[in-house]
Amino acid sequence: MDGKLCMICKKAPATVKVSKLVKGTVREVWMCSRCAEKRSRYHKPITPQQLFKTASEVEALLHSLLNKEGESGARRTDDEDRQCPTCGLPLRTYRDTLFLGCSDCYEAFGDVLTRDLLRYHGATFHCGRHPMSQPETVNPVLKLKDLQRRLELAVRREDFELAARLRDEIKRLKAQIQENPSESAPAKKEPS
Amino acid sequence: MDERIFHCDRWLERSGPREGVVVSTRARYARNFPKIPFPRRAREADLRAVLDRVATAVDHQAEFAGGYRFYMGDVSEVERQYLREAHLISPEMEKMPKHRALFLSANLREGIMVNEEDHLRLFALEPGLRPYEALHQIIDLEFALAQELPFAFSARFGYLTSCTTNTGTGLRLSALLHLPALSITRKIRELLGGLHERGMTWRGFYGENTENFGGFFQVSNEVTLGKDENQIVEIFLNTVDGIIEAEEKFRQELSTNSQVLDRIWRAYGILTHARLISTREAMELLAFVRLGVDMKLFRQLNHVDIHRLFVAIQPSHIRARLMLSEGGREDREVTEEERDQARADLLRERLRGAG
């Protein structure tokens, strides 16, 4: 990086390396931070709107922050003593191991977990299947797209045996989607 | 020891899409019972109760009739190692067998680990790149089990798991990739380093320093919360497709490289002539032969043959083979040299005449 100049504006020293996978090739561009902000979607300064995707996440976070302020000293000793009422897991054990004791720990340590989950997953709310979901939640339209992509590849590689198999499967799936158009609607995301 | 253990490798016998690069795809759901402490914190009575409840529910599943049940506390150490080598149980389960179990469906395409890190780990294994098929199988299995078993769930956090890295869908999709060309050209770190930004992660499949050890990597989704199953599969497929494309491009370049061709043929030469061979050496060399199979150098070998050999030459597989050839005597000591010899014999037998 020493002495390298930004490959975009060619003025400022390059401080950021952006690697991109373009058609199977790794392409590297050295940039100054200003050009990187403009060019790469990973080097934009993070706005609060991006961080907190939903109002409820903001609320959850504020809640945990507000609890933290006020009496930070007292809270620390408080934290030391916090335990899950069901399994007795002390909060500090979770902090040391990242393993919870039972399903009720999620409620007992909800504020702490919200922060950890946001940091790790970038989200604090579940979307996806829930106990009442029917098995058909996986969108057949997406599967169709996958099969079509595989077919293209098979044809390109002249693997006609595979291509014929894929064509049959696509035909079957298309018929199935036409029969049951409701199933091909995107999966419902909000668990109720 | 029971000969039925050999059946457990049968899932390796099918061939799958894009198997030149993707050895296998695995999907798993982590599920738990509400209120009962997770296995790490559970008392023996809790673990026993969980095991009983799951066993009863599995009794009612048609796919598991005529399937396989391994109560880890009752099976021998060799058998546990054998199951681990066949990718059917985790190293943790091998080491802590008490009140832990593995249930496998009759067709060996799906299974349940009980009392591993979570009360239940439902999994499906597919050869090649088949994330949709693997996901469909665990969804169907989960749906059937959920008719009888309550799974810990909260509307906000989703499925509640022992570790917060699985919270939400509890879904982990992973692919075992063979990336020799990216490893040889040293492009691998760069490529895999970018996975984190997509909510994906990777690890060397056969321990640290995998580049020098055949180039096997496991790529999986890291994020399980805030994305639904469809989104997870889509990101997974796009990522794996990108890696496959890069690997194939470099393989194309290497296919005329005389140094690489020399290494492949030397590997084949050693494997078909050695009289003693360690697991590690055999795996390194087989990885080269696998690349050769993809370059169509060995017309009589396919990827399935190589994948089966990879598992068959593991220490406990060789040990089990030696023991069973002598009537299943488990007390018989098998020396390292005997194993290396049996491994070399097996490799010669299976690979001879393919070049």
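**Exercise 1. The contact between the two domains of chain B**

Task: In this predicted model, find how many residues of domain 1 of chain B are in contact with domain 2 of chain B, and describe that side of domain 1.

Solution.
- Step 1. Start with the contacts: 21 residues of domain 1 of chain B touch 19 residues of domain 2 of chain B.
- Step 2. Locate the domains. Domain 1 covers 3–181 and domain 2 covers 258–351 of chain B. Their centres, taken over C-alpha atoms, are 28 Å apart.
- Step 3. Take the area. The two domains of chain B bury about 1,800 Å² between them, with 64% of it on carbon and sulfur atoms. Of the area that domain 1 buries against domain 2, B:L12, B:V78 and B:E85 supply 32%, more than any other three residues.
- Step 4. Look for polar links. Seven residue pairs are in polar contact between domain 1 and domain 2 of chain B, both residues at pLDDT 80 or more. Helix α2 (residues 77–85) of chain B gives the most to the side of domain 1 that touches domain 2, namely five residues.
- Step 5. Sort that side by residue type: eight residues are nonpolar, six polar and seven charged.

**Exercise 2. The salt bridge between the domains**

Task: Determine how many salt bridges are counted between domain 1 and domain 2 of chain B, and which residue B:R308 pairs with.

Solution.
- Step 1. The count between domain 1 and domain 2 of chain B is one salt bridge.
- Step 2. B:R308 pairs with B:E13, and their closest N and O atoms are 3.8 Å apart.
- Step 3. Side chains of opposite charge can pair when their charged atoms come close.

**Exercise 3. Three further salt bridges of chain B**

Task: For the salt bridges of B:R18, B:E94 and B:R348, name the partner and say where each pair lies.

Solution.
- Step 1. Over all chains, the structure holds 25 salt bridges. In one of them, B:R18 meets B:E248, with the closest N and O atoms 3.8 Å apart. B:R18 sits in the segment before β1 (22–31) and B:E248 in helix α7 (residues 229–254) of chain B, so this pair links parts of the chain 230 residues apart. B:R18 is buried at 15% relative accessible area, whereas B:E248 is partly exposed at 26%.
- Step 2. B:E94 pairs with B:R84 at 2.5 Å, N to O. B:E94 belongs to helix α3 (residues 91–95) and B:R84 to helix α2 of chain B, so the pair ties together parts ten residues apart in sequence. B:E94 is buried, at 12%, and B:R84 is partly exposed, at 29%.
- Step 3. B:R348 pairs with B:D345 at 3.0 Å, N to O. Both lie in helix α12 (residues 336–351) of chain B, three residues apart, about one turn of the helix. B:R348 is buried at 12% relative accessible area, while B:D345 is partly exposed at 33%.

**Exercise 4. The surroundings of B:Q61**

Task: Decide whether B:Q61 counts as buried or exposed, and state what its side chain reaches.

Solution.
- Step 1. B:Q61 is found in the loop between α1 (44–59) and β2 (68–71) of chain B.
- Step 2. Its relative accessibility is 7%. The limit for buried is under 20%, so B:Q61 counts as buried.
- Step 3. The side chain of B:Q61 reaches the backbone oxygen of B:A57 at 3.1 Å.
- Step 4. Leaving aside neighbours within four places in sequence, B:Q61 is in contact with B:A144, B:L145 and B:E148.

Note on methods: Residues are numbered from 1 along each chain as its sequence is written. Chains are lettered from A and ligands numbered from 1 in the order in which they are written. This is a predicted model: local features need pLDDT of at least 70, side-chain atom pairs count only at pLDDT 80 or more; totals for chains, interfaces and linings use all residues. Side-chain values use heavy atoms; hydrogens and water are left out. Domain bounds come from an automatic or database domain assignment. Contact means heavy atoms within 4.5 Å. Buried area is the accessible area (1.4 Å probe) that two parts lose on being put together, summed over both. A salt bridge is a side-chain nitrogen of Lys or Arg within 4 Å of a carboxyl oxygen of Asp or Glu. A polar contact is a pair of N or O atoms within 3.5 Å; within protein, one must be able to donate a hydrogen and the other to accept it, and residues adjacent in sequence count only if both atoms are side-chain atoms. Helices (H or I, at least four residues) and strands (E, at least two) are DSSP runs, numbered from the N terminus. Ala, Val, Leu, Ile, Met, Phe, Trp, Tyr, Cys and Pro count as nonpolar, Asp, Glu, Lys and Arg as charged, and the others, Gly among them, as polar. Buried means under 20% relative accessible area, exposed over 50%, partly exposed in between (1.4 Å probe, protein chains only).
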